[in-house]
Structures are given as structure tokens and as C-alpha cells.
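Visitor: I'm new to this one and would like to learn how to read it. Could you take me through it feature by feature?

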Amino acid sequence: MMRCYMWVFPELRRFASVRESKIALHKAAGRVYLAGYFIGCSLLAVLAGGWRVIQSHTGLPELVLMGLGVAVAGVGGCFGVWLGRKRICLLLRNQLNDQGIPVCTRCGYDLRCLRDNRCPECGDIFEPLA
Ligand SMILES: [Zn+2]
């Protein structure tokens, strides 16, 4: 399973051991999934409350509204996964920097042995680690 996570989040390979990368992933993903859970619950509550209002105002048949609901949920879900991955990557890169392993927080490039304080991959300027 960890190999699968390492494929999705290549930052995990930079941690000193598999155990440390597991701890880092739990730290990073825990916050993201909690936020996603609350956003998802809020969206469901709004949908549940707004269902009858939408139907009474538009006069659309229930089947069409259900189709639209599924489509919106699918697109929202894909967007959530994409946004979550970006956020988890950023949290993992911050953890690597905290542990003294320099990586670009914007693109994940390995910043060891660089003379410049500019990322050669994305051009982002970074503060050298002490
Ligand atoms: Zn970069």
C-alpha cells in the first residue's frame, strides 16, 4: 500500500525511512481529510435543503435533478481529489523542509547541493535552510 502512496506522492520517497514517510503521510492527510469531510457535509446539507426549492422554482422533473446532482457530485469529487493531492504534497514538502531535507514547496524539486536560492525546475525563490 505504501508503494501506491509513494507513486501518488513522490515526496514520500525522500523521508529517511518508510516509517517516517508513513508518519508524515498520516500527519498531512489527516488534516486534509478532516477539512474535506466538513466541506462535504456542508455541501450535502445545502443540497438536501435546496432540493425542493430548486424543483419548485425550475419545474424540472425529479429524474433530471437527480442526474444533475450526480454530475455535480462527480465533478466536485474530482476537484476535491485534485485539490486534496495538491494540499497533501505541500504539507509533505513542508515536513521534509522541517526535517532538514530541502525540497521546493512549489514543485517538489530536490534543492540539495544548489548554489543559487532559485529552484531550477520552477524558478521559485526559496530561503536556504539553516
Ligand atoms: Zn520548484
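Visitor: Let's start with domains. Which domains does the domain assignment give for the chain?

Guide: This is a predicted model, so keep in mind that we're reading a prediction. The assignment splits the chain into domain 1 (2-98) and domain 2 (104-130).

Visitor: How far apart are the C-alpha centres of domain 1 and domain 2?

Guide: Those two centres are 28 Å from each other.

Visitor: Next, secondary structure. How many helices and strands does the chain have?

Guide: You'll find three helices and zero strands. Going along the sequence, the pattern reads α-α-α.

Visitor: How do I tell whether the chain is compact or spread out?

Guide: Set its radius of gyration beside what the globule rule gives for 130 residues. Here the radius is 21 Å, well over the rule's 14 Å, so the chain is more spread out than a compact globule. You can also look at the box its C-alpha atoms fill, roughly 65 × 30 × 20 Å along the principal axes.

Visitor: What share of the residues counts as buried?

Guide: Of the chain's 130 residues, 16% do. As for contacts with a separation of 6 or more, 39% of them link residues 24 or more positions apart.

Visitor: Let's zoom in on a helix. How do I check the span of α3?

Guide: Count 1.5 Å a residue, then look at the ends. The 37 residues of α3 should span 54 Å, and its end C-alpha atoms are 52 Å apart, which agrees.

Visitor: Which residues in α3 are buried?

Guide: Ile88, Cys89, Leu91, Leu92, Arg93, Gln95 and Leu96. Just after α3 comes glycine 100, with a positive phi of about 85°.

Visitor: Now the nonpolar core. What's the general idea?

Guide: In soluble globular proteins, nonpolar side chains tend to be buried together.

Visitor: And in this structure, which residues of the largest nonpolar core touch the most other members?

Guide: That core has 15 residues, and the ones touching the most other members are Phe9, Leu12, Ala24, Ala28, Ile88 and Leu92. Both α2 (18-58) and α3 (62-98) supply at least two residues to the core. The most come from α3, which gives five. The core also draws at least three residues from each of domain 1 (2-98) and domain 2 (104-130).

Visitor: What is phenylalanine 9 in contact with, leaving aside neighbours within four places in sequence?

Guide: Phenylalanine 9 contacts Ile88, Cys89 and Leu92. Those names should ring a bell, as Ile88, Cys89 and Leu92 are buried residues of α3.

Visitor: On to the segment after α3. Why does cysteine 113 count as exposed?

Guide: Burial is read by counting C-beta atoms around a residue, and 12 or fewer within 10 Å makes it exposed. Cysteine 113 has 6 others within 10 Å, so it is exposed. This cysteine lies in the segment after α3, and it has a positive phi of about 60° although it is not a glycine.

Visitor: Is proline 120 buried or exposed?

Guide: Exposed, because proline 120 has 12 other C-beta atoms within 10 Å. Proline 120 is also found in the segment after α3. Try a distance with it: threonine 58 is 62 residues away in sequence, and the two C-alpha atoms are 53 Å apart in space.

Visitor: Where is proline 102, and how far is its C-alpha from that of phenylalanine 126?

Guide: Proline 102 sits in the segment after α3. Proline 102 and phenylalanine 126 are 24 residues apart along the chain, with 9.8 Å between their C-alpha atoms. Proline 102 counts as partly exposed because it has 19 C-beta neighbours inside 10 Å.

Visitor: What does aspartate 124 touch, not counting residues up to four places away in sequence?

Guide: Aspartate 124 touches Cys104, Arg106 and Cys119. Its place is in the segment after α3, and with 15 C-beta neighbours inside 10 Å it counts as partly exposed. Leucine 43 is 81 residues from aspartate 124 in sequence and 35 Å from it in space, C-alpha to C-alpha.

Visitor: One last stop: where is the place of glycine 40?

Guide: Glycine 40 is in helix α2. Having 15 C-beta neighbours inside 10 Å, glycine 40 counts as partly exposed. From glycine 40 to proline 61 is 21 residues in sequence and 25 Å in space, C-alpha to C-alpha.

Methods:
Residues are numbered from 1 along each chain as its sequence is written. This is a predicted model: local features need pLDDT of at least 70, side-chain atom pairs count only at pLDDT 80 or more; totals for chains, interfaces and linings use all residues. A nonpolar core is a set of buried Ala, Val, Leu, Ile, Met, Phe, Trp, Tyr and Cys residues joined through C-beta atoms within 7 Å. A residue is buried if 20 or more other C-beta atoms lie within 10 Å of its own, exposed if 12 or fewer, and partly exposed in between; C-beta atoms are placed from the backbone. Helices (H or I, at least four residues) and strands (E, at least two) are DSSP runs, numbered from the N terminus. Domain bounds come from an automatic or database domain assignment. Two residues are in contact if their C-beta atoms, placed from the backbone, lie within 7 Å. The radius of gyration is taken over C-alpha atoms; the globule rule is 2.2 Å times the number of residues to the power 0.38. The expected span of a helix is 1.5 Å times one less than its number of residues.
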